[in-house]
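Here's a friendly walk through one protein model, starting from the inside and working outwards. Have a look at the structure first, then read on.

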Amino acid sequence: MRLNEYRILWVLVFFDLPTETIKERKIYTKFRKSIMGDGFSMFQFSIYVRHCASRENADVHVKRVKSILPEKGHVGILTITDKQFGMMEIFYGKKLKEHDPIVRISSKNKLKANHNTL
């Protein structure tokens, strides 16, 4: 089966879990370590991503995340195509200077810089 940017998927997990007590911090840490153990990488604080070669593979990882959901807090799961993920623009700071690059992330986990300005 041919892989392409519409068949390859990314699973994003967004979460906001309580961390006020020692028990809540342990639950937060266990959840975070569990998704990292399943191949997710931190994209931003409380946003983790995982590359999946197919819909079936993505479904397996979504099911795993659902199986470890904590009782408290909010967790969101979003599955998008590689094409959609590749169109993401990432900005560092409030303003871009004339020579600051706009960074795009490719499906090959490489950052690409586009030196166009806004």
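Let's begin with the largest nonpolar core, which has 13 residues; V11, V13, F15, F31, I35, F40 and V65 are the members that touch the most others. A nonpolar core here is a set of buried Ala, Val, Leu, Ile, Met, Phe, Trp, Tyr and Cys residues joined through side-chain atoms within 4.5 Å. As for the wording, buried is under 20% relative accessible area, exposed is over 50%, and partly exposed is in between (1.4 Å probe, protein chains only).

Where do these core residues come from? At least two each are supplied by β1 (9–16), α1 (22–37), β3 (47–52) and α2 (55–67). The biggest giver is β1, with four residues. Those helix and strand names follow DSSP runs, numbered from the N terminus: helices are H or I with at least four residues, strands are E with at least two.

Before going further, a word on the ground rules: this is a predicted model, so local features need pLDDT of at least 70 and side-chain atom pairs count only at pLDDT 80 or more, while totals for chains, interfaces and linings use all residues. Residues are numbered from 1 along each chain as its sequence is written, and side-chain values use heavy atoms, with hydrogens and water left out.

Back to the core, and to F40. Skip its neighbours within four places in sequence, and F40 is in contact (heavy atoms within 4.5 Å) with V11, V13, I35, Y48, V49, R50, H61 and V65. There's also a second, separate core of five residues, including W10, V49, I80 and F85.

Next up is a hairpin. Strands β2 (41–44) and β3 pair in the antiparallel sense over three bridges; strands count as paired if DSSP finds at least two bridges between them. Across the pairing, M42 stands opposite Y48 in β3. Two residues sit between the strands of this hairpin.

What is unusual about the phi of S46? Most residues other than glycine have a negative phi. S46 isn't a glycine, yet its phi is positive, about 65 degrees. You'll find S46 in the loop between β2 and β3, and it counts as partly exposed at 21% relative accessibility.

Now for the charged side chains. Side chains of opposite charge can pair when their charged atoms come close. A salt bridge means a side-chain nitrogen of Lys or Arg within 4 Å of a carboxyl oxygen of Asp or Glu, and by that rule the count is four. Among them are these:

| Salt bridge | Closest N to O |
|---|---|
| E24 and K72 | 4.0 Å |
| D38 and R64 | 2.6 Å |
| R55 and D59 | 3.9 Å |

E24 is in helix α1 and K72 in the loop between α2 and β4 (74–81), so their bridge ties together parts that are 48 residues apart in sequence. E24 is buried, at 16% relative accessible area, whereas K72 is exposed, at 55%.

D38 belongs to the loop between α1 and β2, and R64 to helix α2, so this pair links parts 26 residues apart in sequence. D38 is buried at 13% relative accessibility, while R64 is partly exposed at 44%.

R55 and D59 stay within one helix: both lie in α2, four residues apart, about one turn. R55 is partly exposed at 40% relative accessible area, and D59 is partly exposed at 41%.
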